[in-house]
Amino acid sequence: MLNYLTAALPAGTSAAARLLALQCALRMNTKMQVRLPKGMLRSLGLNASQGPWHELKQARWLRTVPENTSAKAAELLDAALLDQAPARPDRMRAADWALRASSPSTAGTPEPLRQLASVYLAAHADPEDGRGVSEAEQTARSCGVTLATLSALLAQLTATGLLKSWRICSDSGDLHWILARGKGSHDISHQRDTAGPRSPFAGSPWSEQEVW
């Protein structure tokens, strides 16, 4: 879904709007309607600003509908989302996992850009050893930054304790990284093991890499 949204959203879409779009896309029903509890938006730091919603409306990706006191509601306008796998129960589990992976406690900051990068890096890493690899240019696009500023973002994530190490291969252009392990909330696989089901994809044929 992250890779799909990279192509579907305008290049200048902010990290906060991308985080919001990810949760909307994973939580929508078969009628492309979604309700996001305000408590969930608070946990992502997205409850205080209308900016992300306005960006997605300007991109004609969604339209908001009258809200109630407990949730924000919207109708998604990107019909191609219905063609994205997996089925809704698996997407809901993925949404819950993404919520934990992008939380300020995991990313080490309430800053949306680093929260989005935290989700991307965790989703493309091996859940056992935390090692991941992706094209550096694709990583930058998915996180809403330029390739020139990607290194600074990765350095910040290393400083906050999310990453143990990273490097960009000059010959292939691939980014290799290792997530920090054994740091409580920074250990995403540990969160999955202890918070509810053993894995958000338990009972599903979809791996994290396939979903993302």
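Buried means under 20% relative accessible area, exposed means over 50%, and partly exposed lies in between (1.4 Å probe, protein chains only). Keep those words at hand for the tour.

This is a predicted model, in which local features need pLDDT of at least 70 and side-chain atom pairs count only at pLDDT 80 or more, while totals for chains, interfaces and linings use all residues. Residues are numbered from 1 along each chain as its sequence is written, and side-chain values use heavy atoms, with hydrogens and water left out.

**The whole chain**

Start with a cartoon view of the protein chain. You should find 11 helices and 6 strands; here helices (H or I, at least four residues) and strands (E, at least two) are DSSP runs, numbered from the N terminus. Of the 212 residues, 48% count as buried. Contact means heavy atoms within 4.5 Å. Among contacts between residues at least 6 apart in sequence, 64% join residues at least 24 apart.

**Stop 1: helix 2 to helix 5**

Select Arg27 and Asp96 and show their side chains. They meet in a salt bridge, with N to O at 3.1 Å; the term stands for a side-chain nitrogen of Lys or Arg within 4 Å of a carboxyl oxygen of Asp or Glu. Arg27 lies in helix 2 (residues 15-27) and Asp96 in helix 5 (residues 88-101), so this pair ties together parts that are 69 residues apart in sequence. Which partner is buried and which is partly exposed? Arg27 is buried, at a relative accessible area of 10%, whereas Asp96 is partly exposed, at 35%.

Now step along to Met28, in the loop between helix 2 and strand 1 (33-37). Met28 is buried, with 1% relative accessibility. Leaving out residues up to four places away in sequence, Met28 touches Gln33, Val34, Leu76, Leu81, Leu82, Arg88 and Arg91. Draw a distance from the C-alpha of Met28 to that of Ala74: the two residues are 46 apart along the chain, and these atoms are separated by 9.1 Å.

**Stop 2: helix 4 and two strands**

Next, select helix 4 (residues 51-58) and colour Pro52, Trp53 and Leu56, its buried residues. Look down the helix axis: the buried residues fall within an arc of 100 degrees, so they line one face of the helix. That arc is taken from the directions from the helix axis to the C-beta atoms. Bring up the surroundings, and the cover over these buried residues includes helix 2, strand 1, helix 3 (38-44), strand 2 and strand 3. After helix 4 comes Arg60, which has a positive phi, near 55 degrees.

Stay with Trp53 and add Lys72. Lys72 lies over the face of Trp53, 5.1 Å from the ring centre; a charge counts as over a ring if NZ of Lys or CZ of Arg is within 6 Å of the ring centre and within 35 degrees of the ring normal.

Then pick Glu75 and Arg63, another salt bridge, whose closest N and O atoms are 3.2 Å apart. Glu75 lies in strand 3 (residues 71-76) and Arg63 in strand 2 (residues 62-65), so the pair ties together parts that are 12 residues apart in sequence. Glu75 is partly exposed at 26%, and Arg63 is partly exposed at 42%.

**Stop 3: helix 8 and helix 9**

In helix 8 (136-143), select Glu137 and Arg141. Their salt bridge has its closest N and O atoms 3.3 Å apart. The two residues are 4 apart in helix 8, about one helical turn. Glu137 is partly exposed at 46%, and Arg141 is partly exposed at 38%.

Move on to helix 9 (residues 147-159). Where are its buried residues? Leu150, Leu153, Leu154 and Leu157 are buried. Seen down the axis of helix 9, the buried residues fall within an arc of 100 degrees, so they line one face. Turn to the other side of helix 9 and you meet Ala148 and Ala159, both exposed. The cover over the buried residues includes helix 7 (112-123), helix 8, strand 5 (163-168) and strand 6 (174-179). Gly161 follows helix 9, with a positive phi near 95 degrees.

**Last stop: the cysteines**

Finally, select Cys24 and Cys143. Cys24 is buried at 0% relative accessibility, and Cys143 is buried at 2%. How many disulfides does a search of the whole structure find? The search finds 0, a disulfide being a pair of cysteine sulfur atoms within 2.5 Å.
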